[in-house]
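Subject: Structure for you to look at

Dear colleague,

I am passing on the structure we spoke about, together with some notes on what was found in it. Please have it open beside this message as you read.

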Amino acid sequence: MAKSAVIVAVATVLLITIGYVHSVTFLPGDDAQPFTLHTLSGKIQYMDAKNSSHLLPMVIFAYDPRSAYMEAIWTKDSSVKALIMNSTKNGNYVFMSYSDHALQDVQWMKKRVTNQIADLHATGVIDAATAMNISKKMHFVVLPVESIGNWIPLLMSQWTCQEFGCGYHQILVSTDSQFPYAIRRLDPRYDWIGSPSGSAQVMELDACKSPGNASLSGKMAIAQHMKGCSYFKMIKTAYTLKAAGLIVVAAKGEQLVDMNCNGVECNVRYPVPATMISYTDGKKILAMLKSKKKVEVTFQTTPSHNFYFGIDGQGKIEETGWLLYPSFLYFAWQLQWYNFKSNLLHNIAEPAKVVKVFNYSSIQGQYGASTIVNLPSVKEMSQYQNVQLDMALSCRGKRDAECPPWDHTVQLYVCCSNATSHCQQELGRWITSFRRRIGHWLTPVTPLLPLLSSNKCNFTMKTVPWAQPWFTTLNLRFSHKINTTVAKKKEMPLKPSKLIPLFRGGTFDKNYNKKYKPIHFNITSKIKKVKLVAVITGHGSDNNNCAEFCVTSHHFMVNKKHANVRTFNNAGNQLGCAERVLQGVTPNEHGTWLYGRDGWCDGQEVKPWVVDITNQLSTKSLNTITYHGYYNHSDPNPTVKPGYIIMYSFLSLYESY
């Protein structure tokens, strides 16, 4: 080939490559394109969801030694163990590195995982088969990210990492005698102590000893961490001396950690921002201070590329959310959610009569989304054994960052006839996901079928009027239609034919239970089964953290002797909602989504609580049901700002066909 032809060919390839880089935009929900990766165990090739299903779902994580946050994910034993203990059987992890020493990095990563697997196997926590399966699902890429030769680096650069764990958290160190330089830092656990900002002069502090009478007012303290000295004590000392903040220098041989309180220490929070730096970096600063140099520090975050993303079980590229602290738990939770999603889609694919209610409709303002829907006849609807709400919540745009903040209650009301007591009763309830756009649930509501008392009903979905808009897609699913002739002969199954409205919620204060009066009702021989149905959630925050984070109990007493109690023991549990991802909780949201709530979780449906109380009732005399809601086994009695309970409850009466 002539030299000029070679030049033209190279130029053409270069132009095509540049055009690809500038024209391709990756969005969550797009199909993952084919790629090949060279790993410690050989080459893996991804083609598409159908031909590479053994690799799905997967999370791809690129380690970057410039980020103390990313390094801590690997250096903490608890983090690596969490990866192993919470991994799904079919979930894959792909680990790579941005470093020029990628091979050494991934060899070290694999050793970290292998050692923890061996330890868990030796102690009987996992068996040999589990250990082998986990090992096979972890892939370590031997080339640096920029050398892997596919589209993944471009996606990582486009999906910029934001907020927790993102960017390079640094301290800019300046003295009078040399140019400034930047060092890595790792800030404390997000829900304990704040992160430092701004600039300040540094002064050395022995934070593990009695503070004495000195004052560090306006100065940033720097202190060496010592064995047996808690981070809590160090921060308390800095607070006592009125320091502007505290830089903790890791002990020799100690890795950087996201400093946290322990036990009763967590009951006290000192308003002193803090961060941690390495032993080597700290010794250098301490040496400058000992030589009487003036040292000033500036806390900064330099933006970075992304470090992680996922490919779900359907071969779609997806964001993986927010890492509130450095731990592999967040990747394990994301893979768990991919499994939940695959099961959900499998269930939705089952045969059913589907009635569309909302299609990407905006929920905002006082009136929310409202529509009149033509339904099957009441007779036909009663022939289905299962009624479900297929509801998805999304937001403007395609990225999580474009979703609204906060966790708000979303309620679905139905009105089929203004002449009945069932008009504007609640048919469904959900809690929004804090800045995540992937929420999707299939909620059983069969006992509430009598709310659909006509073939034309108005459906209204609302949240608080001040919330930013969410977009809902809602379908009613009627499935497992029965042969009514056979059902009549066998007297099975039964159909929900009538609802008796019971009790509603209210302000959770000392007067909460005073408004509830006994409800009396008759049950005829025509009624074959009766179910108590209640949807209950607690909200607000009084001096007892009620009712969002306190444990409440709800007592439905039938005929003065049958107690039916719903207790929300999960409330306040540190990982109470995070451990329910396989049940549909949206993982890795912004905010404190991990904590258990009073009957609900961020980013999840609220399933009706259903109890068969047939045997507690009499067909020969009047029946009575009472209700009380308690905190700590007694009437609530907050001293400030009482919370509230949202409750709808019914008796669902079943008849033969």
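The notes below take up salt bridges and then one of the sheets.

Please keep in mind throughout that this is a predicted model. In it, the count of salt bridges comes to 23, and I describe here several of them, including some that join parts of the chain lying far apart in sequence.

One of these pairs is Asp77 with Arg112, whose closest N and O atoms are 2.8 Å apart. Asp77 belongs to helix 3 (residues 77-85) and Arg112 to helix 4 (residues 102-122), so that the pair links distant parts of the chain, 35 residues apart. The two partners fall into separate accessibility classes: Asp77, at 38% relative accessibility, counts as partly exposed, whereas Arg112, at 15%, counts as buried because the cut-off for that class is under 20%.

A second pair is formed by Glu380 and Lys481, with 4.0 Å between the closest N and O atoms. Because Glu380 lies in helix 10 (residues 378-381) and Lys481 in strand 22 (residues 470-481), this salt bridge ties together parts that are 101 residues apart in sequence. Lys481 has a relative accessibility of 47% and therefore counts as partly exposed.

In a third case, the side chains of Asp400 and Arg436 meet in a salt bridge at 3.0 Å, taken from N to O. Both residues are in loops: Asp400 in the one between strand 17 (384-394) and strand 18 (409-415), and Arg436 in the one between strand 19 (425-431) and strand 20 (440-444), which places them 36 residues apart. Asp400 is buried, with a relative accessible area of 6%, and Arg436 is buried as well, with a relative accessible area of 1%.

Salt bridges also occur as a network, which links Asp312, Glu318, Lys341 and Arg437.

Turning to the sheet, four strands in the order 23-31-25-29 make up an open sheet with antiparallel pairing. Strand 23 (495-507) and strand 29 (609-612) stand at its edges, and since each has a single partner strand, one side of each is left without a neighbour in the sheet. From one strand to the next, the twist averages 20 degrees. Within this sheet, strand 25 (residues 527-539) runs antiparallel to strand 29 and is joined to it by four bridges, and it is here that Val533 stands opposite Val610 in strand 29.

With best wishes

Technical notes: Residues numbered from 1 in each chain as written. Predicted model: local features only at pLDDT ≥ 70, side-chain atom pairs only at ≥ 80, totals over all residues. Heavy atoms only, no water. Helix = DSSP H or I, 4+ residues; strand = E, 2+ residues; numbered from the N terminus. Buried < 20%, exposed > 50% of the residue type's maximum accessible area, 1.4 Å probe, protein only. Pairing = 2+ DSSP bridges. Axes fitted to C-alpha atoms, helices over the stretch in contact; angles between N-to-C directions.
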